[in-house]
Amino acid sequence: MAQASCEPVNLLSLDGGGIRGVSELLILDEIMRRIKIDQRLSETPRPCDYFDLIGGTSTGGLIALMLGRLRMTTDEALRTYNSLSEEIFSKENKKTKFQDGSFKATTLQVKVQEIVEDQALKGLILDPPLMIDPSFERDPSKKGKAFVCAVPANNMEHPRLFRTYPVRKNESPNCQIWEAARATTAAPTIFKRIAIGEEGHAKEEFIDGGLGHNNPVNLVLREAKEIFGDKRPVRCLLSIGTGHPGINGLAKPNAFQRFLPTGLIEVVKRIALSCEDTHIKLKNNFQAPGIYFRLNVARGAEDISLEEWEKIPLLTTHTKSYIEDVNEDIDKVVAAMCQQTGPTWTPGKAYCVPQKPSVSKVPGLVPFERNLQFVGRRSHLDQLENSLFGKRSPPKTAIYGLGGMGKTQIALELVYRTMETHTDCSVFWIQATNVETIQQAFTNICLELELFELKVNPDEAQGLLQHHLSQERAGKWLLIVDNIDDMNIWKTVLRDNLPRSRTGCIVCTTRNRKVAIEISASNVIEVNEMDEETAMELLRKLLPNLDLAELRKDVQHFLEQLTFMPLAIVQAAAYIKKNGTTLSKYSSLMNEQEQETIKLLSEGFQDDSRYHDINNDSNPVATTWLISFDEIQRLDPLAANYLSFISCLAQKNIPESFFPLEGSLTEQENAIGTLNAYSFISRRADRVFDVHRLVQLAMRIWLRRENKWQHWVGLTLQRLLCFLPLKGGHQGKEVWAAYLPHAIHVVGLTELSDTTNRISLLERIAFCEACLWNHSSSEWAYRQLLDQRLQLDADMDLPTLIIKRKLGFSLRCQGNYNEAEYQIQGALAGFRKKLGPKHLATLRCLSDLGSVLLEQKRYGEAEELSRKALKAQVKLLRPEHPDIFASVFILVQILERQGKYEDAEAMGRRALRGFMETLGPNDESTLHTARLLAIVLERQCKYEEAARIIREVKLGLDGVLGPEDSAALINAGILGPLLPHQSKYEEAIDIGRRALKKLKMVLGPEQVDTLQSADDLEFKLSRQDKERKIGAIH
């Protein structure tokens, strides 16, 4: 019975979802309050005065009755709804035996009758309280028509509408209001069915319309056509949901309704609660912009069960947060509802939404809308598109890469490109996170294709779909299997159950390279980080108001911090927009303490092109990898242990030999293969690995969440203590030097609570850095040790005094003589007080002080102290003790600087002979003494002997330290000046240049030895030039 009018209509559709319907009322309340302000009304208007038709299912049907038939305001409806939910879902109303629903339906009946009576007393409805409002018979154009949806228990394919207005055809019984409320809310696991029929007629049994019509928007459109006609324009079509779908928490009943098998309950629940597919299909087919709106809480509602009324406050919080996120969308809805002119939609027969298409009409199930921010990946998409539907097309293609690289987004873009270029191609999507999501996807696809009726066992879905799509009559199809990371699920659930057809293609995404190869060894596409230009293009789309060209340096640093990872860039951009910060500020936050970086990685953000039901998080980067960590922990515990260990180390150059010794060789190899397969580690060289920076930080989040972080930090520290020496440093340097950066990283961890072992590790770091002539690094380690000792109130303990002495040595080697003297004087005073003036430790400190005074050109003081120390050592120690020769070595330096070459030569020969006898010819002390003796000889013009000694020294140091070691190069620098005296200028200059270049790299351009080497090279070049000029004159 179409109504003749040209005024545009507003339509409202309300989903089902148990107590989550409060979310719909909160959203609607916000809309009505904004209308009040915009229209300058004295009170908040009733929805029935603004919506021409309101349709709802289940809890949405109950709300439709309150707003339409009972003409409540949103505030009244909220109060009523909260009170009603508490009573009908209370423990007192729960059945002791599960028969025909878990709650007593009579309580709902009584409560609805009371609500109707209250409204009748207010004069808003007439008695008797029947569904059809007599006022619509008098004025068919009146706003506020409403219907609720239920389905006959014996024929669930055809929904029945209980209307508040008369219709010409397909009318339902004009039952009482409470009966319609019971019918639309009779969810099989909640309330028993209800029998309804007019007096004298047979009664039908009804259950709620959620079984296939939980989102009734299509029913609203069809009904609008029937009552308003084909040509009546639509101003606004608003669909409100009860939260994005997730795995619901309803308890499985002991028995179901008589006609429905118990094993089908889980499938029924999924079908009843999945409303987004209906929305996506309608939106894809709805061409008029600014007419159709969908508001649905994005997160927080999916894990609230239908009956959990006590979680209404939590649901309220999530809904209000969602309203803040969609403020602009709500304003558009308000504008559309209130405008007198503007865009409308006159669809004609399009009001009658098409029935499910057959395969020939190209069905499709895609969980996401097209990502309008998608950029780049052209080579990947070209490769994928070229592999579709050709004569030699591969049956399956696998896309793999680290989580957050954009594999799902590539697959999604491929889907929409395919739908554009192959209009006859069906598209299907399986979320393969777990067995449940796979089974749900198979069932939904079969329903889409009408391959079975609802009453058929869902276990048949995989076989039915495989059989159907394997036939050529199914036409072209593309199947996306997303996030198949579990090898066991691939082998047992998917591999043998996927269809095979010359006209079909399967594209799988996975984080696991092993799974990718198992899927399709010859057709694997690896996805890595974006290149810089593509990453900048993505950032430009995400932050269009920023002038990226002007901020080029900030942008580059920002993207480098995020390792050019798409998901990290999207999350960071969301954070910047939300908080109004800048790129440089975000980068500085990433450079802050690790805890601050972890907070940024854990920051949730809204992204409609990603799943919302994973770990209850809203897409933070860290969550992307936490899922994989849990999976690895389950499938390969040794790989999880390796990753836990690696997370405590520096990110680069991790030797495999450093990994914990667990399991067999095969298990160790498999564990490394697993980490490599997930792209968590990458091979730098043979048996040396790097770990991704953001992955490492996420792994630390995981370890902290599992309360394992302290445990692994302690194990890592213990292992480092086994690898780094405290003496004999140059032995095995090629092995322990690789562990040194990791030791420095570990001692810098703020959570390291083992003070004793931290001190032991710092001692090893300081010693090893000194052996490598990295004196600035050894200084840092000694200062850390000193601070640690002072915190323990041990400033005068012997270990503290030894540290002060060694710190002084490191400072002297860097030319910081004044502080070196201060530290050594402090150590000397302590040794004298604790051990006495004649103790070996005191005398060593005295010799060290002499060497500092030497560098300060205080030669007299230096010689006096050194002779004093040597004299005491000779009395105290046996003649061959190395400390005696060490003091002699210092005294030789002092004598050489004063020009006392004969005394210096005599003492130098004595020291060299002593070191040769006690330590051997290739010991470092022996070689350095020989080097010093050669210098003394050179000063006395004894060039031949000096050159011979220096060549021997260089050969010896090359063998002990390696030819690239800074000490060896220093000796090469000494050899250089000797060669001109033998007219060997070319060799001298070549050695000098190589020495200077390497010293700049190893020690730095301003280090004392580097500057001395530069002076030597300048001297050689000038002397060569002078000799050439003299030769030319003669």
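In this predicted model, I begin with strand 9, where Lys396, Ala398 and Tyr400 point one way and Thr397 and Ile399 point the other way. Residues on both sides of the strand are buried, and this holds for all of those just named. The pattern follows a general rule: in a regular strand the side chains alternate between the two faces of the sheet. Because 5 of the 5 residues of strand 9 are buried, the strand is largely enclosed by the rest of the structure.

What, then, are the partners of strand 9 in the sheet? On one hand there is strand 12, residues 504–510, which runs parallel to strand 9, residues 396–400, and is joined to it by 5 bridges. Within this pairing, alanine 398 has cysteine 508 as its bridge partner, and isoleucine 399 stands opposite threonine 509. On the other hand there is strand 13, also parallel to strand 9 and joined to it by 3 bridges. Here tyrosine 400 stands opposite glutamate 526.

Let me now turn to the whole sheet. It is an open sheet of 5 strands, paired in parallel, in the order 10-11-12-9-13. The edges are formed by strand 10, residues 426–431, and strand 13, residues 524–526; each has a single partner strand, so one side of each is left without a neighbour in the sheet. From one strand to the next, the twist averages 15°. As a general reminder, strands of a sheet pair through backbone hydrogen bonds, either parallel or antiparallel.

Which helix lies across strand 9, strand 12 and strand 13? That is helix 13, made up of residues 378–386, and its direction makes an angle of about 170° with strand 13.

My last topic is internal space. Rolling a probe the size of a water molecule over the atoms shows where empty space is left. In this model there are 4 cavities of 30 Å³ or more. I shall describe the second largest, which has a volume of about 70 Å³. Its lining includes Met131, Ile132, Leu161, Phe162 and Arg163. Tyr165, Pro166 and Val167 also belong to the lining, as do Glu171, Ser172, Pro173 and Asn174. How many of the lining residues of the second largest cavity are nonpolar, polar and charged? The division is 8 nonpolar, 2 polar and 2 charged.

How values were computed:
Residues are numbered from 1 along each chain as its sequence is written. This is a predicted model: local features need pLDDT of at least 70, side-chain atom pairs count only at pLDDT 80 or more; totals for chains, interfaces and linings use all residues. Side-chain values use heavy atoms; hydrogens and water are left out. Two strands pair if DSSP finds at least two bridges between them. Helices (H or I, at least four residues) and strands (E, at least two) are DSSP runs, numbered from the N terminus. Axes are lines fitted to C-alpha atoms, for helices over the stretch in contact, and angles run from 0 to 180 degrees between N-to-C directions. Contact means heavy atoms within 4.5 Å. On a 1 Å grid over the protein atoms alone, a cavity is a set of points where a 1.4 Å probe fits but cannot get out, and a pocket is an open set with protein on both sides within 12 Å along at least five of seven lines; lining residues have an atom within 4 Å of a point. Grid points are joined across faces, edges and corners, and a volume is the space filled by probe spheres set on the points. Ala, Val, Leu, Ile, Met, Phe, Trp, Tyr, Cys and Pro count as nonpolar, Asp, Glu, Lys and Arg as charged, and the others, Gly among them, as polar. Buried means under 20% relative accessible area, exposed over 50%, partly exposed in between (1.4 Å probe, protein chains only).
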